[in-house]
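Here is a short tour of one protein model, written to be read alongside the structure. Keep the viewer open and turn the model as you go.

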Amino acid sequence: GLLSTQEQIEFDKDNISSKNKFDRRTQMIAQKKQELHNNEHIQILLQHQSRLSNRGRKGEEFGDEGIERDYWITMFKIAIRTSLDNLSSIEKELPLAKMYEEHQANKR
């Protein structure tokens, strides 16, 4: 499947209703598909850049402003998705961090 084993375990652990689980799973799959598409797209653009370099056009990044714009937009999409995933992880870890801090404070 599109979800890794760890992602499937995390998904199954969540205590949410079936409808919300279905919506969340659909969203996760859509995100994975978009991630695969973005990575594939970046590889194609980098191959194009490599072909330009091989032709002796090293001064030009991509040889076409539209292609370069497409590259950077895709890179921003990847960065935004990574940031959102990190925020989601931080949100889940925050209660644990607070519990740890309280435990450490009570030790003193």
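## A nonpolar patch on the surface

A good place to begin is the surface, where Trp72, Phe76, Ile80, Leu84, Leu87, Ile90 and Leu94 form a nonpolar patch. Together these residues have about 710 Å² of accessible area, a quantity that comes from the Shrake-Rupley method with a 1.4 Å probe, counting only the protein chains shown as cover for residues. A patch takes in residues with over 30% relative accessible area and no salt bridge, joining nonpolar side chains (Val, Leu, Ile, Met, Phe, Trp, Tyr) within 5 Å and like charges within 9 Å.

Before going on, a word about the source: this is a predicted model, in which local features need pLDDT of at least 70 and side-chain atom pairs count only at pLDDT 80 or more, while totals for chains, interfaces and linings use all residues. Residues are numbered from 1 along each chain as its sequence is written, and side-chain values use heavy atoms, with hydrogens and water left out.

## The overall layout

The protein has 3 helices and 0 strands, giving the pattern α-α-α along the sequence. Helices (H or I, at least four residues) and strands (E, at least two) are DSSP runs, numbered from the N terminus. Of the 108 residues, 11% are buried. Here buried means under 20% relative accessible area, exposed means over 50%, and partly exposed lies in between (1.4 Å probe, protein chains only).

## Helix H3, its bend and two of its residues

Helix H3 covers residues 65-107. With 43 residues, H3 reaches 60 Å from its first C-alpha to its last, close to the 63 Å expected at 1.5 Å a residue; the expected span is 1.5 Å times one less than the number of residues. Where does H3 bend? The bend, of about 35°, is at glutamate 93, and proline 95 follows within four residues. This angle is taken between axes fitted to the seven residues ending at a position and the seven starting there.

Tryptophan 72, one of the patch residues, sits in H3 and is partly exposed, at 43% relative accessible area. Threonine 74 is also placed in H3, but is threonine 74 buried or exposed? At 3% relative accessibility, threonine 74 is buried. A polar atom of its side chain lies 2.8 Å from the backbone oxygen of aspartate 70.

## Three salt bridges

Side chains of opposite charge can pair when their charged atoms come close. The structure holds 3 salt bridges, each defined as a side-chain nitrogen of Lys or Arg within 4 Å of a carboxyl oxygen of Asp or Glu. In one of them, glutamate 35 meets lysine 32 at 3.8 Å, N to O. Why can these two meet? They are 3 residues apart in helix H2 (residues 18-54), so about one helical turn separates them. Glutamate 35 is partly exposed at 33%, whereas lysine 32 is buried at 19%.

In H3, arginine 69 and glutamate 65 are 4 residues apart, about one helical turn, and their side chains meet at 3.2 Å, N to O. Arginine 69 is partly exposed at 46%, while glutamate 65 is exposed at 61%. Aspartate 85 and arginine 81 also lie in H3, 4 residues apart, and the closest N and O atoms of their salt bridge are 3.3 Å apart. Aspartate 85 is partly exposed at 33%, and arginine 81 is partly exposed at 26%. An α-helix has 3.6 residues a turn, so residues three or four places apart point the same way.

Conventions:
A polar contact is a pair of N or O atoms within 3.5 Å; within protein, one must be able to donate a hydrogen and the other to accept it, and residues adjacent in sequence count only if both atoms are side-chain atoms.
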